[in-house]
Amino acid sequence: MKCLTVKLCVLVITLTVCWSISLGQQSSPNVDVPAGWKKVNAKSLFTFYLPPSAWDTGFMALDEFYQEWRIGRMRFKVVHEPMGWLSYDRREQVFGKGFKESVVEAGGRKAYLCDSSRIVKGRRRYYTDLYVGEWPQGQVKLWMQADTARPADLEIARKIFRTVEFLKP
């Protein structure tokens, strides 16, 4: 009987230690954040990281979480639970026939990444959009977008997308 009690105590201690370790590992993002990038906590709903050169433009919304930054000449915006977004069925009309779409993961959730370019005021602009959620069914939890005149800038946006971590279901 004494041997069984000792084994049971060892099992309980082992499970408690393993459970504590697993909780600690879940709170950190599963991505490599570049050195010097700053963490943005979006009203304790989700977090993401921005390069140190990013600056807040001050644009915000009253009825939804909307915020915008500039990173060099690139505009980067974030909208949590947007009230309005592009319909999945109209994406080719808006993005153009040459757009690229891929299904990716952001913060452990299904997301749609769309890269496109179009002429705006006589100049070519490059865009990357991330729709987190079941976009084809009209359920978008998070929309992030970057646009720039230099296509190489969009790689920074894609790095930002990979740092998203949701804090609430």
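**Exercise 1. In this predicted model, decide whether Trp-135 is buried or exposed, and then work out how the ring of Trp-135 is arranged against that of Tyr-131.**

Solution. Start with the accessibility of Trp-135, which is 1% in relative terms. Buried means under 20%, so Trp-135 counts as buried. Tyr-131 also comes out at 1% relative accessibility and therefore counts as buried. Now turn to the ring geometry: the centres of Tyr-131 and Trp-135 lie 4.0 Å apart, with the planes at 10°. Planes under 30 degrees apart count as stacked, so this pair is stacked.

**Exercise 2. Find how many aromatic pairs the structure holds, and say which residues ring pairs link into a cluster with Phe-46.**

Solution. The count is 13 aromatic pairs. One of them joins Phe-46 and Phe-48, whose ring centres are 5.9 Å apart and whose planes meet at 20°, so these two are stacked. Both of these residues are buried. Following the ring pairs onward, the cluster takes in Phe-46, Phe-48, Phe-65, Trp-69, Phe-76, Phe-161 and Phe-166. A charge joins the picture at Phe-166: the charged end of Arg-109 sits over this ring, 4.0 Å from its centre. For another example, look at Arg-118, with its charged end over the ring of Tyr-127 at 3.8 Å from the centre.

**Exercise 3. Trace the strand order of the open sheet and explain why one side of β3 and of β6 is left without a neighbour.**

Solution. Walk across the seven strands and you should read β3-β4-β5-β9-β8-β7-β6, with antiparallel pairing. At the edges stand β3 (55–60) and β6 (100–106); each has a single partner strand, so one side of each lacks a neighbour in the sheet. On average, neighbouring strands are turned by 20° against each other, ignoring direction. At the β3 end, three bridges join β3 to β4 (residues 65–71), and Met-60 has Gln-67 in β4 as its bridge partner. Helix α3 (residues 154–161) packs on the sheet, where it touches β4, β5, β6, β7, β8 and β9, and its direction makes about 10° with that of β8.

**Exercise 4. Explain why β9 is largely enclosed, and identify its bridge partners for Phe-76 and Asp-129.**

Solution. First count burial: eight of the ten residues of β9 (residues 139–148) are buried, so the rest of the structure largely encloses this strand. Next, check the pairing with β5 (residues 74–80), which is antiparallel over six bridges; here Phe-76 is matched with Ala-146. With β8 (residues 123–134), β9 pairs over nine bridges, again antiparallel, and Asp-129 is matched with Gln-145. Finally, inspect the hairpin of β8 and β9: four residues lie between the strands, and Gly-138 takes a positive phi near 80°.

**Exercise 5. Classify the partners in the salt bridges of Glu-68 with Arg-75 and Glu-101 with Arg-91 by burial.**

Solution. Glu-68 and Arg-75 meet at 3.7 Å, N to O. Glu-68 has 5% relative accessibility and so is buried; Arg-75, at 17%, is buried too. The side chains of Glu-101 and Arg-91 meet at 2.6 Å, N to O, linking strand β6 with helix α2 (residues 91–95). Here Glu-101 is partly exposed at 28%, while Arg-91 is buried at 19%. The structure holds eleven salt bridges.

Conventions:
Residues are numbered from 1 along each chain as its sequence is written. This is a predicted model: local features need pLDDT of at least 70, side-chain atom pairs count only at pLDDT 80 or more; totals for chains, interfaces and linings use all residues. Side-chain values use heavy atoms; hydrogens and water are left out. Buried means under 20% relative accessible area, exposed over 50%, partly exposed in between (1.4 Å probe, protein chains only). Helices (H or I, at least four residues) and strands (E, at least two) are DSSP runs, numbered from the N terminus. Two strands pair if DSSP finds at least two bridges between them. Axes are lines fitted to C-alpha atoms, for helices over the stretch in contact, and angles run from 0 to 180 degrees between N-to-C directions. Contact means heavy atoms within 4.5 Å. Rings of Phe, Tyr and Trp (its six-membered ring) pair if their centres lie within 6.5 Å; planes under 30 degrees apart count as stacked, over 60 as edge-to-face and the rest as tilted. A charge sits over a ring if NZ of Lys or CZ of Arg is within 6 Å of the ring centre and within 35 degrees of the ring normal. A salt bridge is a side-chain nitrogen of Lys or Arg within 4 Å of a carboxyl oxygen of Asp or Glu.
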